[in-house]
Amino acid sequence: MSRKRKVLSVKNLDFSYNQNKVLDNISFSVEEGSFISILGPNGSGKSTLVNLISKVLRGYEGKIEVGGRDIKELNPKDIAKMVAVVPQYTNPGFSFTVAEMVMMGRHPYISRFGMEGKEDFDAVSGAMEKTKILPFANRKFTELSGGEKQRVIMTQALAQDSSILLLDEPTSHLDINFQIEFMNLFLSLNKKENKTIIGIFHDVNLAIQNSKKIMLLKEGRIFNFGSGEDIINRESIKSVFGSDVFIGRNPVTKKLYVSPVFNPGDDQGISSQKANKYLRVHIIGGGGAASPVMNLLHSSGYTVSCGVINTLDTDIDTAQMLGIPYVAEAPFSPISFISQNKNIEFIKSSDVVILPAVEFGSGNFSNLVSVKEAISSGEKVIVIDEKNIRERDHTGGKAEKLYRRIIEDGAIVVKSINQVLRCL
Amino acid sequence: MGTGRKTIKHTIILLIILIALIIVAASIGAAKVNLKDTSLIIASFIPGVNHFINTARLDPRDIVIISQIRLPRIFLSIFVGIALASAGVIFQGLFRNPMADPFVIGVSAGAAFGATIGLVFITGVGLLGISTTTIFALLGALVTTFLVYSISSARGKVSVTTLLLSGIALSAMLSAMTSFIMIFRGHDLAKIIFWIMGGLTAASWYKFNIIAPMVVVLIIISGFYMRDLNIISLGDERAAQLGVQTDRVKKILLIMASLIAALAVSISGIIGFVGLITPHILRLIVGPDHKILYPTSAVAGGIVLLMSDTLARTILMPREIPVGIITSIVGVPFFLYLLVKSKKQVF
């Protein structure tokens with residue numbers, strides 16, 4: 001089979017606004033039937049790129065070809081036949097009916113001296129059927145709800161009968177039900193009608209879940225362009241958006257899933273002001289009890305390590321996602337002598353040891369022994385006593401006894417994770 | 001129902017109303033002529049129909065009064081009304097605002113100032129039969145339109161507040177300058193005042209023959225841009241996405257509407273609010289689609305001004321009041337009503 005036709009090609013695109021470079025040397029091409037998402041923070045040039053491709057903005061350097069033709073040689077009507085834009089919102093100055101609004105999408109096909117023909121009415125009703133707005137064809141646009149209005153604008157774009165749909169955050173201020181409904185519509189247009197879809201999406205996950213390729217824009221440059229699997233990771237998101245995220249997988253679709261790392265310390269101003277970046281903190285792991293503490297301290301800027309944890313423990317996932325060094329033990333095995341020693345090394349090289357509300361059994365009892373050693377050698381220990389030790393002790397009282405000794409020896413006891421930062 | 005058929009239906013209804021009004025307006029005045037005679041006299045001037053009409057039993061004095069005094073005035077007022085309402089539709093569409101009209105945005109004052117200069121300083125020189133007053137009125141209107149537009153638009157968006165304020169400010173300045181000229185050219189005072197106060201009194205077929213064709217041509221040219229105007233009311237960016245050459249179309253329509261308004265002003269002086277009220281009422285009846293709104297508003301504008309002018313010349317018979325007074329007395333409360341109502345909407 002021959003290679004797919006290129007419907008859009010952008011070469012060395014530069015655009016400046018008031019002497020500020022908005023787009024810097026953008027080059028990419030899009031094959032027919034692709035579904036591409038453009039992601040990037042506000043001001044990264046996403047909307048500008050859409051406006052340049054649809055020839056709403058002019059005065060760029062470089063070359064933009066739509067359907068193999070340079071858009072500089074095409075008039076606005078020709079472009080509107082090939083590229084339809086769905087904007088964030090539209091606010092008409094007058095209260096047109098829904099049918100009148102959709103008919104405006106046929107403008108590229110109607111000559112100045114002509115009238116709407118049969119094919120125009122057919123295209124309008126066909127588009128309205130696809131978006132299920134036929135029942136309110138005669139209602140006033142201004143009287144519709146936000147989601148309905150956006151459906152009408154979507155239909156207006158469909159009436160243009162273009163091969164490319166450019167979406168400029170079409171669902172960013174709609175409720176989740178509309179976001180899903182629109183995404184399903186985009187997907188079906190993409191699959192059934194082979195429409196090329198290039199979209200700016202407000203919601204990163206919406207984009208990753210559904211598009212074949214993703215373009216990351218940062219400060220007017222293409223940071224990366226490829227499949228989500230290849231280019232979406234903690235580092236790329238951090239570097240493009242400047243935010244810390246976890247990358248997981250959607251358990252159903254197995255696609256990548258980005259979720260933000262929230263920092264409970266932030267609202268108290270502790271992390272940004274008081275955090276001592278050089279303070280090394282070692283956290284005793286196990287059963288996921290260490291995860292929230294790791295997240296909190298890591299995002300607050302401390303140098304964090306963790307141990308000893310079993311390889312199947314959720315604490316391992318957290319440590320891996322956050323890039324925290326840890327001591328691991330094979331699954332379902334008691335902590336070995338080697339692991340324990342490694343853990344003690346970590347403890348010795350750190351300034352504070354934190355003991356979260358871990359469940360203790362014979363397998364991880366040695367973790368408690370290591371903490372006891374730490375406090376005996378004068379190291380600072382914080383115990384998070386969120387849950388009564390008696391309920392967490394599965395060693396027949398051995399762990400409880402040692403735990404109480406640690407507290408007696410001068411460990412700082414806090415009742416919840418939120419109090420930890422104050423004790424550091 | 002297709003747009004075309006709907007347009008034709010509404011326009012025909014309005015034309016019938018207009019014709020009826022023409023007959024009524026022609027029959028009333030200082031000399032009373034009954035409706036039947038008036039109809040016969042008017043019909044006797046229609047080519048093709050006149051063969052069937054016997055004017056012998058009609059009073060020749062009535063024929064002269066109607067054909068040489070009342071009809072020129074009636075038709076001139078209709079065309080001024082058509083011009084003002086058409087310009088109003090275009091301005092409202094361009095500025096995406098139902099409160100724009102040639103008077104409110106200062107185009108009328110610009111035309112009046114231009115006309116005053118033409119009237120006072122340059123006399124006798126004309127171009128193709130068009131008087132200097134008209135030419136200067138056109139220039140004054142164009143300059144004012146572009147000033148108001150560039151002051152109130154930023155990055156392709158027109159701020160309504162700045163639009164109204166700059167219109168008011170420029171109107172005030174232009175009126176002051178007109179007054180200034182009036183003081184220094186005392187001997188032209190009567191001429192200027194007579195003209196500014198809304199003179200349809202000096203109507204003649206000669207005036208009509210010069211103005212009417214220009215108004216018709218400009219209105220027809222603009223008419224081909226009504227689909228674009230519909231889409232432009234979605235905003236410049238959206239219009240461009242739908243294939244409208246936004247900048248070009250806006251400039252063309254802005255120039256057309258200013259010229260149309262200026263022609264009206266050059267005949268009759270400043271007559272406010274016809275261009276504001278008419279499109280607004282018609283929008284309630286036929287909807288916002290400019291393809292229908294534009295032709296129907298034009299005819300309705302003719303009706304409104306004919307009614308106002310007939311009132312103006314008969315209400316205090318034998319004295320006449322300037323028609324601008326009538327339109328303002330009706331128009332200003334309406335404008336204020338719109339202003340209060342618009343506070344509830346987001347522009």
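**Two chains in contact: a tutorial**

Student: How many residues does each chain bring to the contact between chain B and chain A?

Tutor: The structure is a predicted model. Contact here means heavy atoms within 4.5 Å. On that basis, the contact takes 33 residues from chain A and, from chain B, 30 residues.

Student: What area is buried between chain B and chain A, and which residues of chain B lose the most area?

Tutor: About 2700 Å² is buried between the two chains, and carbon and sulfur atoms give 58% of that area. On the side of chain B, three residues together account for 25% of what that side buries. The residues that lose the most area to chain A are Arg227(B), Arg238(B) and Gln241(B).

Student: How many salt bridges are counted between chain B and chain A, and which helices of chain B each supply at least two residues to the side that touches chain A?

Tutor: Between chain B and chain A the count is three salt bridges. The side of chain B that touches chain A receives at least two residues from each of these elements: helix H1 (3-27), helix H3 (60-94), helix H9 (226-232), helix H10 (236-241) and helix H13 (290-314).

Student: How many salt bridges does the whole structure hold, and why does the pair Glu116(A) and Arg227(B) join two chains?

Tutor: Over all chains, the search finds 26 salt bridges. Glu116(A) lies in the loop between helix H3 (98-103) and helix H4 (118-130) of chain A, whereas Arg227(B) lies in helix H9 of chain B, so the pair joins two chains. A salt bridge requires a nitrogen-to-oxygen distance within 4 Å. In this pair, the closest N and O atoms are apart by 3.9 Å.

Student: Which residues make the nonpolar surface patch of about 390 Å²?

Tutor: The patch takes residues from chain A and chain B. One of them, Ile220(B), is found in helix H8 (residues 205-223) of chain B. The complete set is Phe113(A), Val216(B), Ile220(B) and Phe224(B).

Student: What distance separates the centres of domain 1 and domain 2 of chain A?

Tutor: The domain assignment gives domain 1 as 6-242 and domain 2 as 266-423 in chain A. Taken over C-alpha atoms, the separation of their centres is 50 Å.

Student: Where is the cis peptide bond that has an omega of about -20°?

Tutor: Most peptide bonds are trans. The bond in question involves Val308(A), a residue found in strand E14 (residues 303-310) of chain A. The cis peptide bond joins Gly307(A) and Val308(A).

Student: What is the phi of Gln19(A)?

Tutor: Most residues other than glycine have a negative phi. Gln19(A) is placed in the loop between strand E1 (6-17) and strand E2 (20-31) of chain A. Although Gln19(A) is not a glycine, its phi is positive, at about 65°.

Student: Which backbone nitrogen does the side chain of Thr395(A) reach at 2.9 Å?

Tutor: Thr395(A) is found in the loop between helix H15 (389-392) and helix H16 (398-408) of chain A. The side chain of Thr395(A) makes a polar contact of 2.4 Å with the side chain of Asp393(A). The backbone nitrogen reached at 2.9 Å belongs to Ala399(A).

Methods: Residues numbered from 1 in each chain as written. Chains lettered and ligands numbered in written order. Predicted model: local features only at pLDDT ≥ 70, side-chain atom pairs only at ≥ 80, totals over all residues. Heavy atoms only, no water. Patch = residues over 30% accessible without salt bridge, like charges linked within 9 Å, V, L, I, M, F, W, Y side chains within 5 Å. Areas by Shrake-Rupley, 256 points an atom, 1.4 Å probe, with all protein chains shown as cover. Salt bridge = Lys/Arg side-chain N within 4 Å of Asp/Glu carboxyl O. Helix = DSSP H or I, 4+ residues; strand = E, 2+ residues; numbered from the N terminus. Domains from an automatic or database assignment. Buried area = accessible area lost by both parts, 1.4 Å probe. Polar contact = N/O pair within 3.5 Å; in protein donor to acceptor, adjacent residues only side chain to side chain.
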